[in-house]
Amino acid sequence: MAEAASLIERDRSRRVALVTGGSRGIGRATSLALAKAGYDIAVIYAGNDEAAQECISLIEAEGAAAKAYKCNVADEDEAKATVKAVQDDFGPVWALVNDAGITRDTLLARMTDDDFSAVLDVNLKGAFHMIRALSRGFVRQKGGRIVNLASVVGLSGNIGQANYAASKAGLIGLTKSVAKELAGRGVTCNAVAPGFIETDMTAKLPEKTVAAYEAEIPMKRLGTAEEVAQVVAFLASDAASYVTGEVIRIDGGLCM
Ligand code: NAP
């Protein structure tokens with residue numbers, strides 16, 4: 001559950017970004033890129049306290065204020081309470097990055113209902129929970145940025161990832177619907193679709209699989225979390241004020 005609210009001492013001229021899954025991998029790189037770009041950061045994570053605290057220290061070293069919140073985004077009540085705690089601590093949130101994601105890869109015949117629901121609940125419903133909880137604030141302040149972490153498999157599908165690909169395709173539909181609904185209020189909503197990026201998530205893949213993907217990727221290498229974070233930071237910036245409902249692939253050319 002969210003921690004008890006306590007006002008954070010910070011420079012109020014800095015904008016606030018809430019990054020789910022912000023403690024590790026692409027989310028951590030995004031938190032750091034946004035901190036460098038002038039944001040203070042609320043980091044949402046699922047359970048790895050050590051990674052979250054390490055990330056907070058790295059963000060603070062960039063001169064930004066930061067606090068970590070343990071919250072399962074799939075749980076509606078926890079998500080709502082955490083958004084309230086972040087707003088109480090930091091004030092209004094300007095950017096939401098929905099990065100929290102999990103995989104439970106297996107072939108269709110072996111995929112259980114639980115494998116399917118768990119992935120949909122975190123990757124898709126979690127993003128919906130956060131967007132809904134923050135939408136009133138975005139509308140009130142007549143502006144904001146939402147960036148959702150989709151995936152190229154949400155565009156092309158993938159063997160062994162029926163649950164994950166469905167969640168990411170759903171996220172793209174959610175992105176475009178929210179973009180249309182909130183465009184008139186000055187709020188943009190975009191998605192990025194990374195290909196294969198070096199993080200703990202892909203470290204689970206067998207070496208043979210990684211080598212096969214590398215051979216297929218026109219740029220002949222996996223991407224880095226920082227390369228994804230730079231695009232997310234652009235979408236969260238004033239420079240992207242007329243970009244909404246877009247899905248930007250970051251995949252070394254894999255799915256063109
Ligand atoms: P990662 O290294 O596994 O990190 C996942 C992050 O999400 C962690 O901070 C984790 O917190 C958090 N998280 C997981 N479940 C959560 C939940 N229920 N509630 C709140 N936070 C939760 O993942 P990644 O590889 O950086 O991927 C980040 C995003 O990019 C995901 O949405 C993923 O689907 C997407 N993506 C990744 C790749 C890739 O190749 N890596 C490609 C395309 C798309 P804890 O540390 O506390 O567990």
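**Exercises on an aromatic pair and the overall fold**

A search of the whole structure, which is a predicted model, finds one aromatic pair.

**Exercise 1.** Classify the arrangement of the rings of Phe-196 and Tyr-213 from their centres and planes, and state where in the chain the two residues lie.

*Solution.* A pair of aromatic rings is described by the distance of the centres and the angle of the planes. For Phe-196 and Tyr-213 the centres are 3.8 Å apart and the planes stand at 25°. Planes under 30 degrees apart count as stacked, so the pair of Phe-196 and Tyr-213 is stacked. Phe-196 sits in the loop between strand E6 (187-194) and helix H7 (200-203), while Tyr-213 belongs to helix H8 (residues 207-216), and the pair, 17 residues apart, thus links distant parts of the chain.

**Exercise 2.** Determine whether Phe-196 and Tyr-213 are buried or exposed, and give the share of the chain's residues that count as buried.

*Solution.* Both Phe-196 and Tyr-213 are buried. Across the 256 residues of the chain, 52% count as buried.

**Exercise 3.** Describe the secondary structure of the chain, and judge its compactness from the radius of gyration.

*Solution.* The chain contains nine helices and seven strands. Its radius of gyration is 17 Å, close to the 18 Å that the globule rule gives for 256 residues, so the chain is as compact as a globular protein of that length. The C-alpha trace spans about 50 × 35 × 35 Å along its principal axes. Among contacts with a separation of 6 or more, 75% come from residues 24 or more positions apart.

Note on methods
Residues numbered from 1 in each chain as written. Predicted model: local features only at pLDDT ≥ 70, side-chain atom pairs only at ≥ 80, totals over all residues. Heavy atoms only, no water. Helix = DSSP H or I, 4+ residues; strand = E, 2+ residues; numbered from the N terminus. Rg over C-alpha atoms; globule rule 2.2 N^0.38 Å. Buried < 20%, exposed > 50% of the residue type's maximum accessible area, 1.4 Å probe, protein only. Contact = heavy atoms within 4.5 Å. Phe/Tyr/Trp six-rings, centres within 6.5 Å; stacked < 30°, edge-to-face > 60°.
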